[in-house]
Amino acid sequence: MHEELSLHILDLGMNSLAAGATSISIRVSEDRARDRFALLVRDNGRGMGRAAFVRALSGRGSTKTGRRRAVGLGLAFLRQAAEACEGRFRAASLPGHGTVVAARMRLSHVDRPPLGDLAATVRALALAAPGARLRVACRAAEETFAFDSQTDLNLPSPA
Amino acid sequence: MNLDELKKLKEKAQRQVALREGHKKYRVVFSMGTSGIAAGARDVMTTMLDEIDKRGLDDVEVAITGEIGLVDVEPIIRIEEAGGEQVTYAKVNAADARKIVTEHLEKGKVVEGLAVGKAKK
Amino acid sequence: MKLADTLSRLDARVISGSPEVEVRGCYISDLLSDVLAHARPGALWVTLQTHRNVVSVAAMKDVAGVLITCGRQPDPAVVAKAAEEEVVLLSTPLTTFEAAGKLWELL
């Protein structure tokens with residue numbers, strides 16, 4: 001597990017870019033009334049076939065990598081965090097279409113990592129793939145925040 | 001969730017992207033795979049970007065790559081000089097990051113104690 | 001010193017793998033990202049975590065083995081994964097504090 005949930009989001013976003021995504025969508029919400037924290041990361045990358053997907057969820061990573069590379073641990077780490085916080089973890093991937101990862105956890109759970117510096121995560125992802133469209137939507141209490149690299153950074157649309 | 005930082009983000013991100021226009025003397029590459037993230041690479045990146053911003057250095061381009069597999073020595077930062085050397089720094093913390101900006105990027109002096117590799121591009 | 005030589009002092013038993021490996025130091029942490037960043041190859045990793053990700057991180061960092069404290073038991077799927085990835089798993093009823101104290105004397 002990572003120390004902050006925003007670091008889990010960064011990890012997932014970097015996975016998306018490694019999979020060739022040109023569009024990444026991130027949603028984060030805090031709902032005090034339902035005591036729920038939720039995050040979702042969706043991409044249009046090359047996706048994973050069944051075998052690769054099962055390996056990723058079990059923390060094995062790519063078969064191309066050697067024993068000492070941490071590629072592919074991100075999904076397993078987030079799943080662990082969700083499970084530790086009475087939460088739920090869901091992921092789906094379709095080769096040629098993309099991957100979506102969603103985690104939910106009890107907002108007030110004592111083991112829940114803090115969200116942390118989400119702005120730094122978005123900054124890093126925007127830098128990591130200037131050609132990709134990065135969309136972020138956050139909701140907390142009465143406030144919302146939205147970011148779209150296409151409109152907010154005056155970037156040309158990806159082909 | 002503190003949305004204030006997120007709101008300031010748009011301006012910072014716009015400035016970063018503007019930096020990518022044209023050929024730059026220096027290219028700073030951060031490794032941000034799972035092990036880099038675990039070692040604190042994101043926060044080192046933030047410190048460095050803010051320092052570059054603060055000093056108004058515009059001859060610098062920033063890039064981020066994924067997992068490079070050097071699990072024991074991250075955070076790793078590579079500085080590439082146009083037509084010149086490529087220097088790799090390892091186990092970089094926030095204070096080191098600021099030093100790399102002031103010494104290497106601003107004055108062109110490699111920070112010897114931190115550098116672990118040098119190569120011609 | 002071999003891991004096997006530490007077992008009786010640690011009141012530890014082997015859950016998976018062979019303890020005939022050299023131990024070079026010790027790292028104590030229950031936060032997996034911290035272990036990923038800081039543990040050294042050949043160290044004995046001491047933790048009370050029994051999640052399957054412990055096996056992934058242990059394999060990745062080439063630790064000598066994982067000592068699970070407080071009498072906690074990993075479930076059979078985790079033990080099977082350890083066997084498959086050749087990760088040595090040990091278990092002790094001692095608390096992390098007690099195990100650390102004994103290891104400090106030994107190593």
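Two strands pair if DSSP finds at least two bridges between them. That rule applies below to a predicted model.

**Strand β4 of chain C**

Strand β4(C) spans residues 65–68. In the parallel sense, β4(C) pairs with strand β3 of chain C, residues 44–47, over four bridges. One of the bridge partners is known by name: C:W45 is matched with C:V66 in β4(C). Strand β5 of chain C, residues 89–91, also runs parallel to β4(C), and three bridges join the two. Here C:L67 has C:L90 of β5(C) as its bridge partner.

Both faces of β4(C) are covered. C:G65 and C:L67 are buried on one side, and C:V66 and C:I68 are buried on the other.

Helices link these strands. Helix α2 of chain C, residues 52–60, forms a right-handed β-α-β unit with β3(C) and β4(C). Helix α3 of chain C, residues 76–84, does so with β4(C) and β5(C).

**Contacts of chain A**

Chain A touches chain B and chain C. With chain B, 35 residues of chain A meet 29 residues of chain B. On the chain B side, α1 (3–18), α2 (34–38), α3 (41–54) and β2 (60–65) each give two or more residues. The largest share, eleven residues, comes from α1(B). With chain C, 13 residues of chain A meet eleven residues of chain C.

The table sorts two of these sides by class.

| Side | Nonpolar | Polar | Charged |
|---|---|---|---|
| Chain B, touching chain A | 13 residues | eight residues | eight residues |
| Chain A, touching chain C | five residues | four residues | four residues |

Terms used
Residues numbered from 1 in each chain as written. Chains lettered and ligands numbered in written order. Predicted model: local features only at pLDDT ≥ 70, side-chain atom pairs only at ≥ 80, totals over all residues. Contact = placed C-beta atoms within 7 Å. Nonpolar A, V, L, I, M, F, W, Y, C, P; charged D, E, K, R; others polar. Buried ≥ 20, exposed ≤ 12 C-beta atoms within 10 Å, placed from the backbone. Right-handed = clockwise from strand over helix to strand, strands pointing away.
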